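Okay, everyone, thanks for coming. I'd like to talk through one structure today, mostly from the point of view of its charges. Let me put it up on the screen.

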Amino acid sequence: EFELEPSAEDGHFFGTVQLDAQTVNRLAHDGRLRYTAVTDRRDPRVFAGDIHLIDSSGVTIISDIDDTIKVTEVTDRKKVLRNTFLLPFRAVDGMADVYRRWSSGGAKFHFVSASPWQLYEPLAEFARQAGFPAATFHLRQIRLKDSSVLSLLADPLEAKLQMIEPLMGTFPHRRFILVGDSGERDPEVYGRIAEKHPDRVLKIYIRDVTGQAAQSLRYQAAFGKLPTDKWQLFQDPSAIQDRSIPDGDR
């Protein structure tokens, strides 16, 4: 057991826990460590999570969620509400197959979304049932009782940059594949990241949900400074080729 600082008003708490290699090897299962928050003995609730053990080098997949792996239809506000709060979550056909192939090649996964943390449990359960590889989730932190809720109205570009840049900083020797869709600001976010880290971004995949051509002004603005083979639009996930992960990383 490790004692950390008290939680903030939103229930989140932070701290650093150090374990020796022997303990990690003894407790790890499938590359992960299971942890549980210790609460009052009279509190029957269980708050548990996984620590993903990730090598310092290798390939990491940073993936959006809405309309990248889960059907949300973000371009239609009414459909967004139905697909988020009324209907069972549905996977984008074929995406789990692609991610499993990458996982078998040794890739690690981070799901990054502008959705609030309050959706974590249903999103994590959806990803598990749909057959996506184990991944960490990075969502927008808000609290309904204070002004942080207004961040839901903020531009998702800055929110995603603030999530992705620390991930890349944590793993300076890993290389990245960025997967998203055209429904929101993924092309602009990923294009900016690839310009800043040209040697670390292997490929950008954008699922086309808006019907814009690769030659459109939007994509030229987002990716115009990148080599043409650095990014790819797709509608059918079968168009994504595994060669994005070099043979040495399989």
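Before I get to the charges, a word on how they're counted: Lys and Arg are taken as positive, Asp and Glu as negative, while His and the chain ends are left out. And keep in mind that this is a predicted model.

So, with that counting, how far apart are the mean positions of the positive and negative charges? They're 2 Å apart, for 33 positive and 36 negative charges.

Now the overall build. The chain has seven helices and eight strands. Its radius of gyration is 19 Å, and the globule rule gives 18 Å for 250 residues, so the chain is as compact as a globular protein of that length. If you box in the C-alpha atoms along the principal axes, you get roughly 60 × 45 × 30 Å.

What about contacts? Taking those with a separation of 6 or more, 67% are between residues 24 or more positions apart. As for burial, 41% of the 250 residues count as buried. The accessible surface is about 14,800 Å², and carbon and sulfur atoms make up 50% of that.

Okay, back to charges, this time in pairs. How many salt bridges turn up in the whole structure? The search finds 14. I'll pick out a few.

Take Lys70 and Asp66, whose side chains meet at 3.4 Å, N to O. Are these two buried or exposed? Lys70 is buried, at just 2% relative accessible area, and Asp66 is buried too, at 13%. The cut-off there is under 20%, by the way.

Next, Arg100 and Asp97, with their closest N and O atoms 2.4 Å apart. Both sit in helix 3, residues 95–104, three residues apart, which means about one helical turn between them. Arg100 is partly exposed at 38%, and Asp97 is partly exposed at 39%.

Then there's Glu158 with Arg192, where the closest N and O atoms are 3.5 Å apart. This pair links distant parts of the chain: Glu158 belongs to helix 5 (residues 156–170) and Arg192 to helix 6 (residues 186–196), with their positions 34 residues apart. Glu158 comes out partly exposed, at 39% relative accessibility, and Arg192 is partly exposed as well, at 44%.

Last one: which residues are joined into one network by salt bridges that share partners? Those are Arg32, Arg34 and Asp50.

That's my tour; happy to take questions.

Methods: Residues numbered from 1 in each chain as written. Predicted model: local features only at pLDDT ≥ 70, side-chain atom pairs only at ≥ 80, totals over all residues. Heavy atoms only, no water. Helix = DSSP H or I, 4+ residues; strand = E, 2+ residues; numbered from the N terminus. Rg over C-alpha atoms; globule rule 2.2 N^0.38 Å. Buried < 20%, exposed > 50% of the residue type's maximum accessible area, 1.4 Å probe, protein only. Contact = heavy atoms within 4.5 Å. Areas by Shrake-Rupley, 256 points an atom, 1.4 Å probe, with all protein chains shown as cover. Charge placed at Lys NZ, Arg CZ, Asp CG, Glu CD. Salt bridge = Lys/Arg side-chain N within 4 Å of Asp/Glu carboxyl O.
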